[in-house]
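Let's take a walk through this protein together, beginning with the whole and then moving in on a few places. Have the viewer open as you read.

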Amino acid sequence: MSPTYPQKHRNFRVAQTRRQFLQTSVTAMVASSLSSCGWTLAEVKTTPNTQISSDTLYIYTWSGYTDQDLLDHFREETGLKVVADVFDSNEAMLARLQAGGAGAYSVIYPSGYMVEKMIQIGLLAQLDHSLLVGLEDLFPQFQNPIYDPGGLHSVPISWGTTGLIYNPNKLETLPKDWSYLWENKDKLSKRFTLLNDVREVMGAALIMLGYSYNSTDPNQIRQAYEKLVELRPKIASFTTDSWRPQMIVGDLSIAMCYSSDAAEIREENEDLRYITPDSGSSVWIDTMVIPKSAPNPEGAYKWIDFMLRPDVAATLVDRLKFATPSRLAYEKLPDVLRNDPTLFPPESILARSEMIHDLGEANEIYERYWTRLTS
């Protein structure tokens with residue numbers, strides 16, 4: 001089953017996100033859980049680098065998009081050491097860059113809608129496609145994305161959906177839609193989490209109410225916020241990553257998550273299941289970009305070129321469990337991965353999903369409600 005997008009959503013500006021290892025701020029809390037599950041942390045940091053070396057490449061990425069095997073493989077081939085700083089939301093990443101961190105990184109991993117915003121504010125370098133091999137091997141829908149026509153500033157690295165992961169052994173009935181959280185909020189109290197992502201959380205409430213994930217109608221956005229206020233006292237936390245060990249050991253019953261995370265964590269607990277809700281969800285894309293202030297652009301091209309290689313991309317699907325936009329990499333995958341609907345969802349799921357796009361001035365409305373919700 002090849003990844004294709006429904007025609008009616010191709011005019012959306014594609015988006016967003018997904019992520020797997022815990023950040024430094026929570027590593028101490030869950031280190032024993034990670035080691036007992038067989039996870040290894042790649043060389044990651046969470047603060048911008050101030051000393052730049054010509055033999056070191058600093059990247060800013062989602063947690064879980066690298067591991068030590070990948071970094072070692074790249075260093076063996078290029079001689080470059082890679083240090084990966086991690087973020088857990090596009091907005092947090094952009095805030096750090098605008099606060100002076102942009103000059104620390106040579107490769108950054110924004111989601112599609114954030115690529116568009118970064119282009120508008122002049123943060124991204126235009127790519128020299130002659131230095132990259134494999135762009136022509138991407139699935140057609142990834143070669144001319146609406147958020148970056150012609151792929152002039154970005155290269156897709158992964159894609160997937162947003163949904164719910166749950167343990168059926170801990171639930172009386174099984175979820176089919178986002179509304180399950182509201183209908184069972186008392187039974188689920190402090191046993192479920194939502195993402196630390198304004199557009200995903202507000203989008204889920206919007207689409208459950210019958211509106212677009214990308215609504216700019218102030219009244220609709222307010223209604224979504226009010227629904228989330230009803231749920232807020234029962235939410236264990238807003239988190240992109242730390243739900244993972246809690247789901248493995250059974251401290252949580254259900255969590256909002258990205259499909260890539262769900263595909264990986266199921267290997268740690270075979271009881272877990274993942275769904276995309278009946279009312280719809282988001283289809284996200286994460287990319288690689290080079291900022292204009294990149295201290296090592298030559299190394300950045302080497303990294304992106306390396307990540308485009310079908311053998312490397314296929315290995316990452318198997319090892320890190322995120323869907324590849326590379327047609328040749330997809331063809332290299334074993335049937336069990338190609339036919340995994342969590343990684344490569346069928347058309348029926350994509351048809352009821354939307355791609356998040358930048359909302360311009362309406363972003364301020366979302367952010368205002370998000371601050372109230374999470375403060």
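What share of the 375 residues of the protein count as buried? The answer is 59%. Keep in mind that you are looking at a predicted model. Its secondary structure consists of 15 helices and eleven strands. If you look at contacts with a sequence separation of 6 or more, 79% of them are between residues 24 or more positions apart. On the outside, the accessible surface amounts to about 14,300 Å², and carbon and sulfur atoms make up 48% of that.

A good place to step inside is strand β10, which covers residues 281-288. Is this strand mostly covered or mostly open? It is mostly covered, with eight of its eight residues buried. β10 pairs with strand β5 (residues 155-166) in the antiparallel sense, through six bridges. To find this pairing on screen, look for T161, whose bridge partner in β10 is V283. β10 also pairs with strand β11 (residues 353-355), this time in the parallel sense and over three bridges. Here the residues to look for are S282 and E354 of β11, which stand opposite each other.

Next, let's turn to a loop. D88 sits between β3 (81-87) and α3 (90-101). Why does D88 count as buried? Its relative accessibility is 17%, and the cut-off for buried is under 20%. The side chain of D88 also makes a polar contact of 3.2 Å with the side chain of N196.

From N196, move on to some annotated positions. An unreviewed UniProt entry gives the feature "binding site" at Y113, D197, V198, R199 and E200. These positions are spread over 88 residues of sequence, yet they cluster in space, with a largest C-alpha distance of 13.1 Å.

Two of these annotated residues deserve a closer look. D197 lies in the loop that links β6 (192-194) to α6 (198-208), while V198 is part of helix α6. Are they buried or exposed? D197 is buried, because its relative accessible area is 0%. V198 is buried too, because its relative accessible area is 4%. And which residues does V198 touch, leaving aside those up to four places away in sequence? They are E91, G203, Y366, E367 and W370. Of these contacts, E91 falls within α3 (90-101), the helix that follows the loop of D88.

Technical notes:
Residues numbered from 1 in each chain as written. Predicted model: local features only at pLDDT ≥ 70, side-chain atom pairs only at ≥ 80, totals over all residues. Heavy atoms only, no water. Buried < 20%, exposed > 50% of the residue type's maximum accessible area, 1.4 Å probe, protein only. Helix = DSSP H or I, 4+ residues; strand = E, 2+ residues; numbered from the N terminus. Pairing = 2+ DSSP bridges. Polar contact = N/O pair within 3.5 Å; in protein donor to acceptor, adjacent residues only side chain to side chain. Contact = heavy atoms within 4.5 Å. Areas by Shrake-Rupley, 256 points an atom, 1.4 Å probe, with all protein chains shown as cover. UniProt positions renumbered as here; feature names shortened; annotations may be inferred.
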